[in-house]
Amino acid sequence: MTPDPTRQRRLTVSMSPEIAERYPECRTVLILVQGLKNSEPWQETDEALEALESEVREGTRHIPGQDEPPIAVWRDLLRSFGTNPRKARPSVDALSRRLVKSGRVPRVSPLVDTCNLVSLTYLLPTGGFDLRAVEQDITLRSSRPGDVHIPLGQPEEREQPVEGEVVYADGNRVLTRHWNHRDADSTKITSATRDAVLLLEGISPVVTPEILGRAQRELAERVTPHADSVTLHTVEPPAETVLSWTETG
């Protein structure tokens, strides 16, 4: 008998009650992507990134600095749980600094490049995880003893988050340190990724729910031509957001 090449998957994405209570101004929206085609060129993304880079180099597009609200609000958030944002920069801070300094956005893969495009367009953190590599439910919570992080690009390294640090984790495996500073190598999106969950984050009133929703819709629209299915979700504490999909071989 030929084995069934498909597998039904289900997981929840949530914010711990402690984090939800402490940071009520923080909102997260999700995009579930199935049947991703991430090994072929996405011309629309390439053209949009090139246009953005040209505008920055020519001085017609302003990218806020670290003391301006879109970046400063995230730096203040990291400080609130003991992280030095000069050593562990929020993702949107690090990405915007690279663009301003070099005039270019690093190219990684079509989906990651598209996330970076939307992040820079709306000035909010955007990222994602390869769902085939996610083992348990995903929770934004404070770190705890036994947590382990394998940093992106350093698969042999093992890090233990600092006590009180806010992390995304599945079980004791930390997927992102310092809220959204650095992803894990094991759940990174690659050209082989077929199913992914994308996260977009905003802090009111700098990024209103309306702006966050607009960014979510734009990212979904850019991904849709390159995937079999794209669905939008919102994390609404204290409820858990349930993602269900069929994983194909």
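What follows is an exchange between a biologist and a modeller about one predicted model.

Biologist: On what footing do the residue numbers and the local features stand?

Modeller: Residues are numbered from 1 along each chain as its sequence is written, and side-chain values use heavy atoms, with hydrogens and water left out. As this is a predicted model, local features need pLDDT of at least 70 and side-chain atom pairs count only at pLDDT 80 or more, whereas totals for chains, interfaces and linings use all residues.

Biologist: Which strands stand at the edges of the open sheet of 4 strands?

Modeller: Strands here are DSSP runs of E with at least two residues, helices are runs of H or I with at least four, and both are numbered from the N terminus. The open sheet has the order β3-β9-β2-β10 with antiparallel pairing, where two strands pair if DSSP finds at least two bridges between them. Each edge strand has a single partner, so one side of each is left without a neighbour in the sheet, and these edge strands are β3 (126–130) and β10 (229–235).

Biologist: Over how many bridges do β2 and β10 pair, and which residue of β10 does Gln34 stand opposite?

Modeller: Strand β2 covers residues 26–34 and pairs with β10 in the antiparallel sense over 7 bridges. Gln34 stands opposite a residue in β10, namely Ser229.

Biologist: Which helix lies across β2, β3, β9 and β10, and which one touches β2 and β9?

Modeller: Contact means heavy atoms within 4.5 Å, and angles run from 0 to 180 degrees between N-to-C directions, with axes fitted to C-alpha atoms, for helices over the stretch in contact. The helix across β2, β3, β9 and β10 runs at about 15 degrees to β2 and is α6 (residues 209–223). The helix touching β2 and β9 (196–203) has a direction that makes about 95 degrees with that of β9, and this helix is α3 (residues 69–80).

Biologist: At what angle do α4 and α5 pack?

Modeller: Val92, Leu95, Ser96 and Leu99 of α4 meet Asn116, Ser119 and Leu120 of α5. Angles under 35 degrees count as roughly parallel, over 145 as roughly antiparallel, 65 to 115 as roughly perpendicular and the rest as oblique, and α4 and α5 are therefore roughly perpendicular to each other. Helix α4 (residues 91–102) and helix α5 (residues 110–122) have their axes 10 Å apart, and the packing angle is about 90 degrees.

Biologist: Which helix or strand gives the most to the lining of the largest pocket?

Modeller: On a 1 Å grid over the protein atoms alone, a pocket is an open set of points with protein on both sides within 12 Å along at least five of seven lines, a cavity is a set where a 1.4 Å probe fits but cannot get out, and lining residues have an atom within 4 Å of a point. The largest pocket is lined by 28 residues, of which Ser91, Val112, Asn116, Leu152 and Asp183 lie nearest its centre. Among the elements that each supply at least two lining residues are α5 and β8, but the most, with 5 residues, comes from α4.

Biologist: Which strand gives the most to the lining of the largest cavity?

Modeller: Val13, Ser14, Met15, Thr28, Leu140, Tyr168 and Val235 line the largest cavity. The strand that gives the most to this lining supplies 3 residues and spans residues 6–15, and it is β1.

Biologist: Which residue other than glycine has a positive phi near 50 degrees, and which peptide bonds are cis?

Modeller: Most residues other than glycine have a negative phi, and most peptide bonds are trans. The residue with phi near 50 degrees is found in the loop between β7 (173–177) and β8 (182–183), and is His178. A cis bond with omega near 0 degrees runs from Ser204 to Pro205, and another, with omega near 5 degrees, from Pro237 to Pro238.
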